[in-house]
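Here is a short note on the model shown below. The points are numbered so that each can be checked against the coordinates.

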Amino acid sequence: RLPPPPSLSARPLTIQRARYPNMSAAAKPKTKPPTVASVVEPDNFEVENHYYSRVLNAQRHPLVSSFMSLSNKRIATRYCHLHPSTDEKALLQLLKTPRKFFRWSGADLFSVTDDNGKKQMIVIETNSCPSGNKSLPLAEYEDGDSNYHRLLRTAFWPQVQKFGGEGVLAVIYDKNDMEASGYAAALADVSEEKVYLAKWKNDDPNPPAKLDGNQIFVRDKDMKWHPVRAAYRYVTQQPWARIPPFVKKTFVFNPIVCCLAGGRNKMCADKAYEFFNHKHNKFGIQIRTPVTIRDVTKREVPIWVGSMGGYAVVKNPYSNAGQGVYTICSKEELDEFMKEDHKYDKFIVQSLVGNNAWSSNIKGKKYYHTGTIPNKKDKTFCCDVRLMVCSGEKGFKVVSMYARRAAMPLSKEPPKGMESWGQLGTNLSIKLGDNKWDTDTQRLVLMDSRDFNKLGLGIDDLIDGYIQTVSAVSAIDDMATELMKGGKFDRTLYASVNADSSLLNEIIEGGDSSPCQSVNKKRREEKK
């Protein structure tokens, strides 16, 4: 065995000084200085800073532009023309109803078919802090009229004005600097006032934002704390451990209850979809998903994988950005999953959508990818579509779209060894370490004249995806509304809906005397 690495004090002084050039022989490394929020003034939105360079040089596909220009009335009419069993009046009401909590969202969709050749879009997951605006080719751009600005004007700013409150405006985030700074610059334009941009990482010992007395505060470069009346939130990693489900004195967009109700909780999302489907079945409106088994313990996973024919997807219910997702197509992949130590007690197991020869077949459902149009090498790739929507006073509208493809083409035979993620994993985020991320933009498929045709999608497929997205978002908003009855988060109800003690112990609440707050404080002290 190799000896353990020497501690810092045991390393040669030259190495210590190379790493800490200003320290003396007896000095210790300095602690990290407090993180501060930057200030973004109006008239500082530069498209080059908030879109991928590929996007700036791309032209939006005419079919995509046509789809995004459709009114909800025309969408409902077209959809019901193709689906006569759907109640048009009920569908239009769904599309036109403003949501109470979940006003900005994105859904990841697969285009699938079955053995009968029935093509349709299905929901893989719904996201409460979706990326996407940096990936949509601009149709036309005039100052103050980007898709960032339109989202804020439609869904965020009217709610801020209605909320009132005292304090500054802020964008708080923990990843995706390009879009977070874009929202800050756009918000400064829309509000005509300065906006604080605060990067609030979950491992920052002295972050630029805090919660005090049911209000969020941000710290400026002069170490002064400012109360926040409205915060645009792009906090994605365990946000409930930093921000309570609902903050009374700060309007948070989206509030954390949306994450807990399904926006970052796949377990709760599946229950929300089930409730929605029961309620809307009489109208011919249903959310389509892979078959999902909830509340599965680690020991039960092999049993469920076996019941699905050896092909399944196991997910950590609370992860995002492609983390905590395990595609199982071989004994080796199942063994690898079982060897890992996992943070949470419960998992979900879903039927796997693969190629026609190797997809899960359970409860009479078998989906497989339509995939991309074959390339010059006759290879087809798995891909998904991200559809970002927002909900304003007149209902839903599409904000942005993009697609992602897997790294390796779909094989006709089942993947061997550890190969399945290369064929099925579409997420572009690459985790480099704790709170360190990169993006594989080579697999990004733009909605432009060059890329869109590769997807093999038509306007009716996009309409189908939009209906699925709105339905999923509405289901999660309904769940959030139930959890917030009485004006505060119903922790007892949530514990019955999501009986995972590991997650429940992470959720902080607004008051300093909250039992959960003290649990988290104790955990942080033990970690230190």
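1. A definition comes before the strands. Two strands count as paired if DSSP finds at least two bridges between them. The model itself is predicted.

2. Start with β2 and β14. Strand β14 covers residues 368-369. It is joined to β2 by 2 bridges, and the two strands run antiparallel. In this pairing, Val 112 stands opposite His 369 of β14.

3. Val 112 also has a partner in β3. There its bridge partner is Gln 120. β2 and β3, the latter spanning residues 120-127, pair in the antiparallel sense over 7 bridges. The two strands form a hairpin, with 6 residues between them. Gly 117 sits in the turn and has a positive phi of about 75 degrees.

4. β2 has a further antiparallel pairing, with β15 (residues 383-392). That pairing counts 6 bridges. Ala 107 is found opposite Leu 387 of β15.

5. How many residues of β2 are buried? The strand runs over residues 104-113, and 10 of its 10 residues are buried. In a regular strand, side chains alternate between the two faces of the sheet. Both faces of β2 are covered. On one side the buried residues are Trp 104, Gly 106, Asp 108, Phe 110 and Val 112. On the other they are Ser 105, Ala 107, Leu 109, Ser 111 and Thr 113. Note Asp 108 in the buried set.

6. Next, a helix pair. The axes of α5 (residues 72-82) and α6 (residues 88-96) come within 9 Å. They cross at roughly 145 degrees. The crossing is right-handed. On the α5 side, the contact is made by Asn 72, Lys 73, Ile 75, Ala 76, Thr 77, Tyr 79 and Cys 80. On the α6 side, it is made by Glu 88, Leu 91, Leu 92 and Leu 95. By class, this contact of α5 with α6 has 7 nonpolar, 2 polar and 2 charged residues.

7. Helix α9 (residues 256-263) is mostly covered, with 8 of its 8 residues buried. The buried residues are Ile 256, Val 257, Cys 258, Cys 259, Leu 260, Ala 261, Gly 262 and Gly 263. What covers them? The cover includes the strands β3 and β8 (225-234). It also includes the helices α10 (266-280), α14 (459-483) and α15 (491-497). Strand β3 therefore turns up twice in this note: it is part of the cover of α9, and it pairs with β2.

8. Check the peptide bond between Phe 253 and Asn 254. It is cis, with omega about -10 degrees. Asn 254 is in the loop between β9 (251-253) and α9. Most residues other than glycine have a negative phi, and most peptide bonds are trans.

9. Two aspartates have positive phi values. Phi of Asp 43 is near 65 degrees. Asp 43 is placed in the loop between β1 (38-40) and α2 (47-50). Asp 378 has a positive phi of about 65 degrees. Its loop lies between β14 and β15. Are these residues buried or exposed? Asp 43 is exposed, at a relative accessible area of 71%. Asp 378 is exposed too, at 61%. Over 50% counts as exposed.

10. Val 314 is found in β11 (residues 312-315). Why does Val 314 count as buried? Its relative accessibility is 0%, and the cut-off for buried is under 20%. Leaving out residues up to four places away in sequence, Val 314 touches Val 301, Val 305, Gly 324, Val 325, Tyr 326, Ile 328, Phe 337, Phe 347, Ile 348 and Val 349. Val 314 and Thr 327 are 13 residues apart in sequence, and their C-alpha atoms are 6.5 Å apart.

11. Last, the totals. The protein has 17 helices and 19 strands. Of its 528 residues, 55% count as buried. Among contacts between residues at least 6 apart in sequence, 70% join residues at least 24 apart. The protein exposes about 24,400 Å², and carbon and sulfur atoms supply 50% of that area.

Terms used. Residues numbered from 1 in each chain as written. Predicted model: local features only at pLDDT ≥ 70, side-chain atom pairs only at ≥ 80, totals over all residues. Heavy atoms only, no water. Buried < 20%, exposed > 50% of the residue type's maximum accessible area, 1.4 Å probe, protein only. Helix = DSSP H or I, 4+ residues; strand = E, 2+ residues; numbered from the N terminus. Axes fitted to C-alpha atoms, helices over the stretch in contact; angles between N-to-C directions. Left-handed = near helix turned anticlockwise from the far one by under 90°. Contact = heavy atoms within 4.5 Å. Nonpolar A, V, L, I, M, F, W, Y, C, P; charged D, E, K, R; others polar. Areas by Shrake-Rupley, 256 points an atom, 1.4 Å probe, with all protein chains shown as cover.
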